[in-house]
Each structure stands twice: as structure tokens, then as C-alpha cells.
Amino acid sequence: FAHCGTDPAEVFADPATQLVIVATRHDSHARLGAEALRAGKAVWLEKPAGLHAAEVRELAMAVEATGGFLTLGYNRRFSSHARALRSAFEARTTPLAIHYRVAAGPTPVGTWITDPAIGGGRVLGEICHFVDLCQFLVGSPPRAVYARRLGADPERDDATVAMLEFDDGSSALIEYLTATGPEVPKERFEVSGAGRTGRCDNFRSTTLPGGKRLRSANQDKGQATALAEVVAAVREGRPSPFALEEIVAVSAATFAIERSCASGRREPVDLGDSPSDEAPG
């Protein structure tokens, strides 16, 4: 960072600042992102985009009204492992089946992340990462969700299983687990289609269809590449690596996961037609 501050107005008024990175707690993301866009800044917004549908709509309207640059901190799609797997299935003509297991561990005790008003919980604040990677691998946003909670109290045990459906017939099963054995990798995802399968273990080792392997000396979740590509895009006047549709779809999918956990039904991935100030789920 060239400069860091806690006064948003000062940052947004600084003519020397081209790119603003919003790394506040979740409840202020959408508001600060929209204000930065209206101030003419390119915006890197840490995930999630917002905690409520109305907030995400406001953010999207700010992008549309300003033609501004908005990117989200969904870094996993920038990983060399994720990109290798997407490339391996780009020529497919049949649906994909994705299985994504996350050994998240128990919810931190007393953390603001699980406060519904400030953090929104880990479905909105963490599962969004895996929804984005799944839509990146498929190449389009999800259209519907069916989900269930495994724990009775999401502030104490937020283990959740969610099935995402896509327009091309692809599906993604996300298992966000809090009580796995210690031998399980923190993240493992497997992609299958057209008689071929690839698998990534913890963003260190990936087996591509045909048996070719990709290994990283250190875990590569894409953070460094994401920052480098976003900064280069801003400097060169290129568009954001994220389409607005993708940003909105990830938030809408996590809201749908919350609704499905509450309703027990398959829920569409959309933000609805009218604003709501109530917390999802």
C-alpha cells in the first residue's frame, strides 16, 4: 500500500489515489465501495460484496452509473492450480461435476465474523470464495441452490453443505465442514466431465486429466497474482478481471444458501426485485 487510512472521505478526496482497497469489516463493504466508485476511484473490495441484497444492488448501481472499475477479493480464481484446471476443461461440450470440500474448523469463539449485523457469518463471508471458484471453473454464474446446515447454531457450528446448479447442467457440491479429521486437507476440489477428472489439494498439488501434475513450492491461492493483475489493469486502463454479473451472482448465491437452509427448498440465485434491510436467513 502507498497509503493507509481510516478516514474514507480523506481517501476518496485524494486526487493522487487511483485504486482504493476496502478492507473493513463486512457491514461497511458495499457502502464504502459505492462511495469510492462515485468518487472516481478504481475499487478492490474485500469479500463479501455486501451482507444484504439491497447493499449489493446499491454497489452494482454505482458500477453501472459510473462505468467504474470494481474487483472483489476472490483470489482463488487467480491461482495457477485453478487456472490449470479451468484450461483443462475449456473445450468440454458436457456438464461439469465439481466437489469442493473445505475443512474450515470450528467457528472462532467471540469473533465479529459470526455477528449477523457486522460479519454476517461464514456463509456470506467465506463460502463466497468457493462459490466464485466454482463459477470460474464452469464459466458462468450459478442459477439455483439447495443447501442445508449441519450445525444447529450457525454462530457456534456453521458447517453447511450446498449444491449449486448451472445453466449448462453443471453442478457443484460445496461441503464447508467444521469437524473433519486432522489428516484432511483444508481445501480439496475435484472437477469431472467428459470422462476426465482433475483434482487440487490445498493449492499445492494438482493432478490434471491425463495424469500430469502441477506442484507449488508454497501454497498458491492466487493472492499475489490477483493483486499484480488488478494493479496492472488499473494502470493500463483495462477492465476489471471480474464481470459485474459474476460479483452479483456470488453474493446472490450465498443469500440463496441462507434462504435454502431456512426453507429446506431449492432457491433461485437472484437478488429479488425489491430492497430489503433484513439480514438473509
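**Note on the predicted model: loops, rings, core and pocket**

1. Asn202 sits in the loop that runs between β9 (196-201) and β10 (205-207). The model is predicted. Asn202 is not a glycine, yet its phi is positive, at about 60°. Most residues other than glycine have a negative phi.

2. Phe203 belongs to the loop between β9 and β10. Its phi is near 60°, again a positive value in a residue other than glycine. Is Phe203 buried or exposed? Its relative accessibility is 0%, so Phe203 counts as buried. The cut-off for buried is under 20% relative accessible area.

3. Phe203 also has aromatic company. Together with Tyr100, Phe130, Tyr176 and Phe189, Phe203 makes up one aromatic cluster. Inspect the backbone of Asn202 and the ring of Phe203 in one view: Asn202 has the positive phi of about 60°, and Phe203 is a member of the cluster.

4. How many aromatic pairs does the structure hold? There are six. One of them joins Tyr74 and Phe242. The centres of these two rings are 6.2 Å apart, and the planes meet at 65°, which makes the pair edge-to-face. The cut-off for that class is over 60 degrees.

5. Why does the pair of Tyr74 and Phe242 tie together parts that are apart in sequence? Tyr74 is in the loop between β3 (70-72) and α4 (80-88), while Phe242 is in the loop between α6 (223-236) and α7 (244-263), so the pair links parts 168 residues apart in sequence. Both Tyr74 and Phe242 are buried.

6. Two arginines sit over rings. The charged end of Arg86 is placed over the ring of Phe136, at 4.6 Å from the ring centre. The charged end of Arg196 is placed over the ring of Phe89, at 5.4 Å from the ring centre.

7. The largest nonpolar core has 73 residues. Which of them touch the most other members? They are Tyr100, Phe189 and Ile257. Helix α5 (residues 122-138) gives the most to this core, eleven residues. Tyr100 and Phe189 also appear in the aromatic cluster.

8. Ile257 deserves its own look. Setting aside neighbours within four places in sequence, Ile257 is in contact with Val123, Ile127, Val131, Val145, Ala147, Thr160 and Ala162.

9. Helix α2 (residues 29-38) has ten residues, and seven of them are buried, so the helix is largely enclosed by the rest of the structure. The buried ones are His29, Ala30, Leu32, Gly33, Ala34, Ala36 and Leu37. Their cover includes α1, β1, β2 (42-45) and α3 (53-66). Just after α2 comes Gly40, with a positive phi of about 85°.

10. One peptide bond needs a check by eye. Lys47 and Pro48 are joined by a cis peptide bond, with omega at about -5°. Pro48 is in the loop between β2 and α3. Most peptide bonds are trans.

11. The largest pocket has a volume of about 850 Å³. Its lining has 25 residues, and those closest to the pocket centre are Phe1, His3, Leu19, Val20 and Ile21. Which elements supply at least two residues of this lining each? They are α1 (8-13), β1 (19-22) and α6. Two of these elements, α1 and β1, also help to cover the buried residues of α2.

Note on methods
Residues numbered from 1 in each chain as written. Predicted model: local features only at pLDDT ≥ 70, side-chain atom pairs only at ≥ 80, totals over all residues. Heavy atoms only, no water. Phe/Tyr/Trp six-rings, centres within 6.5 Å; stacked < 30°, edge-to-face > 60°. Helix = DSSP H or I, 4+ residues; strand = E, 2+ residues; numbered from the N terminus. Buried < 20%, exposed > 50% of the residue type's maximum accessible area, 1.4 Å probe, protein only. Lys NZ or Arg CZ within 6 Å of the ring centre and 35° of its normal. Core = buried A, V, L, I, M, F, W, Y, C linked by side-chain atoms within 4.5 Å. Contact = heavy atoms within 4.5 Å. 1 Å grid on protein atoms, 1.4 Å probe; cavity = no way out; pocket = protein on both sides within 12 Å on 5 of 7 lines; lining within 4 Å. Points joined across faces, edges and corners; volume = space filled by probe spheres on them.
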